[in-house]
Every structure is written in structure tokens, then in C-alpha cells.
Amino acid sequence: MTEHADIARVKRCPICGKPRQVRFRPFCSKRCADLDLHRWFSGVYAVPGTEVEEEESAPKAARED
Ligand SMILES: [Zn+2]
């Protein structure tokens, strides 16, 4: 019945600790959302020598002139 209680229970942004915004939940801003997403991706796709290797391993594709 009290809006104050609701505000006090508002969740905080897991990145910076500020009160989160509904449109960016559970973060406070797009910046924090992107930051978290980026961190998540770099953690999951931290597989060196997988796709990057493709760029280096193409010596047979040398053009014949
Ligand atoms: Zn934040």
C-alpha cells in the first residue's frame, strides 16, 4: 500500500549499483546492459585460435600472376 516501500525494494543495477530502469532492466542504462553483455560474451567466447586462425591460415590462396 505504500509506494515508498516499493521504491526501497527496487533492484539495483548489478554493474554500477544504481537503481535500475525498467526499460533497461535489470540494469540502470543501456551502457551497463551493453557492458554486462560484452563481459558475458567475452567470457563465453574466449576461445583463442578458433576463428582468428582462419585469417592467418590461407597461404595456398596465393594469387598466381
Ligand atoms: Zn548501471
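This report describes a predicted model of a protein chain with a zinc ion, going from the whole chain to the metal site and then to single residues.

**Chain and confidence**

The protein chain has 65 residues, of which 8% are buried. Its secondary structure consists of 3 helices and 0 strands, and the order of elements from the N terminus is α-α-α. About 6,500 Å² of the protein chain is exposed, with carbon and sulfur atoms supplying 53% of that area. Of the contacts in the protein chain with a separation of 6 or more, 3% join residues 24 or more positions apart.

Mean pLDDT for the protein chain is 75, and 54% of the residues reach 70 or more. Confidence varies between the elements: helix 2 (residues 30-44) has the highest mean pLDDT, 88, while helix 3 (residues 52-56) has the lowest, 51. Where pLDDT is low, predicted coordinates should not be read in detail.

**The zinc site**

Four cysteine sulfurs bind the zinc ion in this model: the SG atoms of Cys-13, Cys-16, Cys-28 and Cys-32 are the protein donors, at 2.3 to 2.4 Å from the ion. Along the chain, these donors follow the spacing C-x2-C-x11-C-x3-C. The arrangement is tetrahedral because the 4 donor atoms subtend angles of 98 to 118° around the zinc ion. For four tetrahedral donors, the ideal angle at a metal is 109.5 degrees. The structure holds 0 disulfides.

Cover from solvent can be stated for three of the donor residues. Cys-28 and Cys-32 are both buried. For Cys-32 the relative accessibility is 1%, so this residue counts as buried. Cys-16 has 38% relative accessibility and therefore counts as partly exposed.

**The loop between helix 1 and helix 2**

Pro-26 lies in the loop between helix 1 (3-8) and helix 2. The peptide bond leading into Pro-26 from Arg-25 is cis, with omega near 5°. Pro-26 has a relative accessible area of 36% and is partly exposed. Leaving out neighbours within four places in sequence, the contacts of Pro-26 are Arg-12, Cys-13, Pro-14 and Arg-20. One of these contacts, Cys-13, is also a donor of the zinc ion.

Gly-17 is in the loop between helix 1 and helix 2 as well. With 34% relative accessibility, Gly-17 counts as partly exposed.

**Helix 2 and its partners**

Asp-36 is placed in helix 2 and counts as partly exposed, at 26% relative accessibility. Not counting residues up to four places away in sequence, Asp-36 touches Ile-15 and Phe-27.

Leu-35 also has its place in helix 2. This leucine is partly exposed, with a relative accessible area of 35%.

**Distances between residues apart in sequence**

The table gives C-alpha to C-alpha distances for four pairs built on the residues above.

| Pair | Separation in sequence | C-alpha to C-alpha distance |
|---|---|---|
| Asp-36 and Ile-15 | 21 residues | 7.1 Å |
| Pro-26 and Pro-14 | 12 residues | 7.5 Å |
| Leu-35 and Ile-15 | 20 residues | 8.0 Å |
| Gly-17 and Phe-27 | 10 residues | 8.7 Å |

Ile-15 appears in two of these rows, with Asp-36 and with Leu-35. For the pair of Asp-36 and Ile-15, the distance goes with a contact. The pair of Pro-26 and Pro-14 is likewise in contact. Phe-27, paired with Gly-17 in the table, is a contact of Asp-36.

**Summary**

The zinc ion is held by four cysteine SG atoms in a tetrahedral arrangement. Pro-26, which follows the cis peptide bond, touches the donor residue Cys-13. Asp-36 of helix 2 touches Ile-15 and Phe-27. Confidence is highest, among the elements, in helix 2 and lowest in helix 3.

Key. Residues are numbered from 1 along each chain as its sequence is written. This is a predicted model: local features need pLDDT of at least 70, side-chain atom pairs count only at pLDDT 80 or more; totals for chains, interfaces and linings use all residues. Side-chain values use heavy atoms; hydrogens and water are left out. Donors are N, O and S atoms within 2.8 Å of the metal (3.2 Å for Na, K and Ca); water is not among the atoms, so sites may look incomplete. Four donors count as tetrahedral if all angles lie between 85 and 135 degrees; four count as square planar and six as octahedral if opposite donors are over 155 degrees apart and all others between 65 and 115; anything else is irregular. Buried means under 20% relative accessible area, exposed over 50%, partly exposed in between (1.4 Å probe, protein chains only). Helices (H or I, at least four residues) and strands (E, at least two) are DSSP runs, numbered from the N terminus. Contact means heavy atoms within 4.5 Å. Accessible areas come from the Shrake-Rupley method with a 1.4 Å probe; for residues, only the protein chains shown count as cover. pLDDT is the predictor's confidence in each residue, from 0 to 100. A disulfide is a pair of cysteine sulfur atoms within 2.5 Å.
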